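Here is a short briefing on strand pairing, helix packing and one residue in its surroundings. Please keep the structure in view while reading.

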Amino acid sequence: MKVLVIGGDGYCGWATALYLSSRGYEVGILDSLVRRHWDLQLGADTLTPIAPIQQRLQRWRDLTGKSIDLFIGDITNYEFLSKALHQFEPETIVHFGEQRSAPFSMIDREHAVITQVNNVVGTLNLLYAIKEDFPDCHLVKLGTMGEYGTPNIDIEEGYITIEHNGRKDTLPYPKQPGSMYHLSKVHDSHNIHFACRIWGLRATDLNQGVVYGVLTEETGMDELLINRLDYDGVFGTALNRFCIQAAIGHPLTVYGKGGQTRGFLDIRDTVRCMELAIANPAQPGEFRVFNQFTELFSIGDLARMVKKAGNSVGLNVEIQNLDNPRVEKEEHYFNAKNTNLLDLGLQPHYLSDALLDSLLNFAIKYQHRVDKNHIMPKVSWHRQ
């Protein structure tokens with residue numbers, strides 16, 4: 001099957017592109033490389049030294065004999081997008097090509113607009129391109145569990161059945177996004193749902209939890225294939241940040257009380273979830289939603305786990321509760337369903353001492369690349 005991975009130079013996209021290529025899929029990567037540009041703008045850098053995309057792909061070909069096509073451009077440019085799709089002719093499109101950071105989207109008006117235009121317009125262009133020329137193509141879109149917020153009822157997978165005034169209907173689950181980034185994902189979901197209902201497109205929305213880890217079987221084959229690993233206050237995610245902070249002797253930065261509970265998953269499960277969605281496509285006119293996570297943890301729980309793992313390898317790890325720069329509930333009910341991917345055959349990698357040890361050792365190896373000026377949060381949700 002021909003699979004185009006949009007955003008294939010990024011954290012989840014790169015690992016997915018290599019995984020699918022290794023499994024025999026004919027893979028193309030489409031990316032604007034803007035994520036690297038944002039690093040330069042912010043003065044931050046990935047902990048791991050990532051090679052230019054062309055060099056990465058050449059190394060993959062040298063090691064495996066497998067070629068991955070490359071299209072460099074911006075999907076908010078419809079002419080470029082349409083030309084690339086006609087050249088590659090995908091049967092499935094995996095869409096990671098979005099600005100993925102909540103703090104980035106909350107820096108100021110400009111970054112909120114960049115986020116919304118990049119994400120919403122890019123996805124809208126993609127929907128029209130599929131409708132016009134590739135109506136049978138299956139769209140596998142990366143959503144986020146952050147679309148749901150933290151409601152005081154169980155979170156279902158995309159839809160909820162409601163009884164009201166004696167009548168019953170199944171409707172999209174209510175959304176309570178917590179940042180301009182999460183809001184853009186909600187807009188995407190509405191637009192994709194519309195395209196499936198009105199045009200008969202087929203799409204799977206994978207509402208992903210917080211991803212941790214850096215190594216997959218493929219990215220670990222060679223240092224030129226290594227994945228990015230962000231630790232800064234803008235793009236770094238919780239567990240990855242904590243392990244890197246532990247490695248350099250910086251207190252773990254827990255925002256507020258630390259009771260914020262979220263879904264988490266290993267990056268090895270991200271790539272497998274993508275394959276399961278591709279191999280079991282949605283039907284024409286169907287907008288499926290899978291909640292893509294394997295375990296629920298509070299931020300405080302994660303910090304305590306990293307502290308314990310760090311202490312066991314001789315690191316002196318402290319936990320520091322900071323004033324929360326975000327506007328969010330710090331103690332709340334959270335019970336989300338995640339059975340659809342398990343039913344399709346996902347065998348999760350649960351968070352283990354071995355994984356924490358591996359991540360800590362990885363962080364220790366590259367600790368010389370850490371810029372301590374980028375560890376503390378600098379972006380506030382609050383009115384200034």
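Two strands count as paired if DSSP finds at least two bridges between them. With that in mind, note that this is a predicted model. The bridge partner of Ile6 is His95, in strand 4. That pair belongs to an open sheet of 7 strands, taken up first below.

**The parallel sheet**
- The 7 strands of this open sheet follow the order 3-2-1-4-5-8-12. Their pairing is parallel.
- Strand 3 (69–72) and strand 12 (287–292) are at the edges. Each has a single partner strand, so one side of each has no neighbour in the sheet.
- On average, neighbouring strands here are turned by 20° against each other, direction ignored.
- Strand 1 (residues 2–6) and strand 4 (residues 92–95) run parallel and are joined by 4 bridges. In strand 4, His95 is the bridge partner of Ile6.

**Helices on the parallel sheet**
- Helix 7 (residues 180–199) packs on this sheet. The helix touches strand 5 (138–144), strand 8 (202–208) and strand 12. Its direction makes about 150° with that of strand 5.
- Helix 9 (residues 267–279) lies across strand 1, strand 4, strand 5, strand 8 and strand 12. Helix 9 runs at about 145° to strand 5.

**The mixed sheet**
- Another open sheet is formed by 3 strands in the order 9-11-13. Here the pairing is mixed.
- Strand 9 (210–212) and strand 13 (295–298) are the edge strands. Each of them pairs on one side only.
- Neighbouring strands of this sheet are turned by 45° against each other on average, direction ignored.
- Strand 11 (residues 261–266) and strand 13 run antiparallel, with 4 bridges joining them. Phe264 has Glu295, in strand 13, as its bridge partner.

**Met376 and its surroundings**
- Where is Met376 placed along the chain? Met376 lies in the segment after helix 12 (353–365).
- Is Met376 buried, partly exposed or exposed? Its relative accessible area is 32%. Buried means under 20% and exposed means over 50%, so a value in between counts as partly exposed. Met376 is therefore partly exposed.
- Which residues does Met376 contact, leaving aside neighbours within four places in sequence? They are His250, Thr253 and Leu322.
- Met376 and His187 are 189 residues apart along the chain. Their C-alpha atoms are separated by 30 Å.

Notes. Residues numbered from 1 in each chain as written. Predicted model: local features only at pLDDT ≥ 70, side-chain atom pairs only at ≥ 80, totals over all residues. Heavy atoms only, no water. Helix = DSSP H or I, 4+ residues; strand = E, 2+ residues; numbered from the N terminus. Axes fitted to C-alpha atoms, helices over the stretch in contact; angles between N-to-C directions. Buried < 20%, exposed > 50% of the residue type's maximum accessible area, 1.4 Å probe, protein only. Contact = heavy atoms within 4.5 Å.
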